[in-house]
Amino acid sequence: MENPNYEHENGKQQNPAVNNGNLPFNYDTVNHDIVLTFDDVQSAKHSLNLETLLTRNTKDACLKNLTIYTKKKFFILQWIFTYSIQDFVGDILAGITIGLTVIPQSLALASIAGVPAQYGLYSSFVGTFIYLLFGTSKVVPMGPTAIVALLTNNTIGNRGPMYATMLCFTTGAIQVLMSFTGLGIIVNFISVPVCSGFTSASAILVIMSQLKDLIGVKVGGGSLLKMIRVTLEHISGIGVWDTAMGLVCIATVMFLKAFSIMRIGPKEEELQTTWQKNVNRFIWAIGAFRNSFVVIVCSIICYWCIHDIHHDITSDISPSIPFKVIGKIPRGLPHFEWPNFSDNGTSFFDMVFSMGSGVIVIPLISLLETISLCKTFADGRPVDTDQELLAIGLANWGNSFFLGFPGAGAIARGALNYSSGVRTPLGGLYTGLTVMAALLFLTPYFYYIPKTSLAAVIIAASFTIFNVKVVKHIYKSKKRDLVLMLITFFACLFLPLEYGVLVGIVANVVFILCSAAKPKISIQVQQNRYGIKYLLLTPDRYLIFPSMEYVRETITKHGLALGIPVVIDGSKIFEADFTTAEVFSMISRDLSKKGQFLYLYNLKSSVINVFKGLKNCNVFLCANKDELDELLMKHFGATHFQEQYQNNTIWTTQM
């Protein structure tokens, strides 16, 4: 307080030590704080200004935080202001491409989910609008997928579309709740072998579920064995023309897919001529629209057949043609309505519990599919799992108000979206508008679509899900992971799919615990600079409660047998818990009874803190090798030199 002047926002004040003004020192305080006294007017004015300043700063801070939070959650605000005409062209072309692809696929996926065909279209447009507001990836085409549709069928059984819509609502609610509670990290506990086993088994189950439409028989069943048994029971009713058309469709789709990767001219696009670029774009377009092309051609064939017999398509009677067609689909968009939270006296919770574990599994698998797609085309950027949970959760929630069933980001459509040149998530807007246009104007023509062509589209797409090459890679990398993959694969095949996923996750956790229970420990007998021998053990990972019994047996077995000090090198120990400290304390007491001691050195600070909770602990903690040598010298130096002296005396006597 050497400054004689005190500057205040109301004007310059004089120090009380100079002129005995009205700012006396408060000698009652230890640190000599100053107590400022004003008259009533000044005090009121000061309080008002201070309150105004604090209020303004608080409001500014809250407004700033709210803006940041809003911009983070509404992800569209991070890129929409830089949207360009090039982005518009890329998005609209990619969006329409995906829309024309998703129309036949969604009709077929509705069959997998066990609901009428139109519900596939109902599930394919609202979610795309919501995802573009919150989603972080430009390639995610939110909508029905084969795996989620199969899980939906297993979950709702024969309960009908009302339960599928309810399941969509609960899926969205769970995903939104997981997003705000930060539970997106759960997906990190599902390893690649578990994912590979699950997706490969799902591909087989999807193919088997579509076999009924491919060969034109009525079959069902949730597990692989039941599907095979029911199919064999109805094999006599196979439709020859349905089967022939389906096989031709599969062959055509696969051929067009292989044809689409062909290119003429140099591989580098900048070296190609204009004519070569146009031809290559045409070849790519043929492959991109292969599903729509096959369905349209087959629909034309059925149209000729139906009109040749003058069948009335407004009737409820199926046309007497060699092919089974979809039939009548309601025209127009679905109306907004709340999902039914009760069913003939059955309460909401009873409905949810009746659907079993699928209510929990479907949100996780939907997230897993979407995150896998995001990471594949993230170009090295991190993926915000919680934000993606919010996006797909709100999308599923939105679909449930328009009679939709659960969906996710389909990997195959995402790859097509990327290759189509999509620039931003706004491509989903044009995908949704394309589906809406189909519902408004094309549903009368969907009557002629043969079911076998839709089944062929899904079966051909499922071939890409089944990844045989990954088996070879996992085998070369780590054979134990291959065992984990096979456990998941067969569990998903022969158990209900949702139970198979849980079996794979539990097996993964068991494998991790088994690995943690037996850490690798390097064991050596060394001597320090003073010549004192000691047993050095170096664990190669964290030491937590599952591994401590194994560690104790190892230390006791070798330490007590040799009768020398035991030293633990903690340079590779990154984590420990109270059980670790307690076991080491017990080991040290056992060793001390034999005249030995337990030493730990090179420990991380977090590991050292674990030992602070112990009392009467005989473990010696050393910061480094020099401190270890000094302690060994202090504890065993006299004994060591006495033994050396005795050995030298015996050797001299013998000489």
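**Entry 1: cavities**

I began with the enclosed spaces and noted that the structure holds 5 cavities of 30 Å³ or more. I kept in mind from here on that this is a predicted model. The largest cavity has a volume of about 60 Å³, and I looked up which residues line the largest cavity: they are Thr128, Lys138, Val140, Pro141, Met142, Asn417, Pro425, Gly427, Gly428 and Thr431. Sorting the residues of this lining by kind, I wrote down 4 nonpolar, 5 polar and 1 charged. Helix α17, which runs over residues 427-441, supplies the largest share of the lining, with 3 residues.

**Entry 2: the salt bridge between Arg423 and Asp87**

Next I turned to charged pairs, with the general idea that side chains of opposite charge can pair when their charged atoms come close. The count for this structure comes to 6 salt bridges. In one of the salt bridges, the side chains of Arg423 and Asp87 meet at 3.1 Å, N to O. Arg423 sits in the loop between α16 (411-419) and α17, while Asp87 belongs to helix α3 (residues 85-113), so this pair ties together parts that are 336 residues apart in sequence.

I then asked myself whether Asp87 is buried or exposed. Asp87 is buried, because its relative accessible area is 10% and the cut-off for buried is under 20%. Its partner Arg423 counts as partly exposed, at 41% relative accessibility.

**Entry 3: the network around Arg529**

I looked up Arg529 and found that Asp629 forms a salt bridge with Arg529, with the closest N and O atoms 3.7 Å apart. This pair links distant parts of the chain, since Asp629 is in helix α26 (residues 625-654) and Arg529 is in the loop between β5 (521-527) and β6 (533-539), 100 residues apart. The side chains of Glu630 and Arg529 also meet in a salt bridge, at 2.9 Å, N to O. Glu630 lies in helix α26 and Arg529 in the loop between β5 and β6, so the pair ties together parts that are 101 residues apart in sequence. Through shared partners, salt bridges join Arg529, Asp629 and Glu630 into one network.

I also recorded how far each of these residues is covered. Asp629 is buried, with a relative accessible area of 5%, Glu630 is partly exposed at 41%, and Arg529 counts as exposed at 52%.

**Entry 4: a nonpolar patch on the surface**

I then moved to the surface and asked which residues form the nonpolar patch there. They are Val483, Ile487, Leu495, Tyr499, Leu502 and Val503, and together they have about 440 Å² of accessible area. Helices α21 (479-494) and α22 (497-517) each supply at least two residues of this patch, and α22 gives the most, with 3 residues. I picked out Tyr499, which is found in helix α22, and noted that Tyr499 is partly exposed, with a relative accessible area of 41%.

**Entry 5: Pro161**

Last, I checked Pro161, which lies in helix α7 (residues 161-180). At 23% relative accessibility, Pro161 counts as partly exposed, because partly exposed covers the range between under 20% and over 50%. I also noted that Pro161 and Val115 are 46 residues apart in sequence, whereas in space the two are 5.5 Å apart, C-alpha to C-alpha.

Technical notes
Residues numbered from 1 in each chain as written. Predicted model: local features only at pLDDT ≥ 70, side-chain atom pairs only at ≥ 80, totals over all residues. Heavy atoms only, no water. Patch = residues over 30% accessible without salt bridge, like charges linked within 9 Å, V, L, I, M, F, W, Y side chains within 5 Å. Areas by Shrake-Rupley, 256 points an atom, 1.4 Å probe, with all protein chains shown as cover. Salt bridge = Lys/Arg side-chain N within 4 Å of Asp/Glu carboxyl O. Helix = DSSP H or I, 4+ residues; strand = E, 2+ residues; numbered from the N terminus. Buried < 20%, exposed > 50% of the residue type's maximum accessible area, 1.4 Å probe, protein only. 1 Å grid on protein atoms, 1.4 Å probe; cavity = no way out; pocket = protein on both sides within 12 Å on 5 of 7 lines; lining within 4 Å. Points joined across faces, edges and corners; volume = space filled by probe spheres on them. Nonpolar A, V, L, I, M, F, W, Y, C, P; charged D, E, K, R; others polar.
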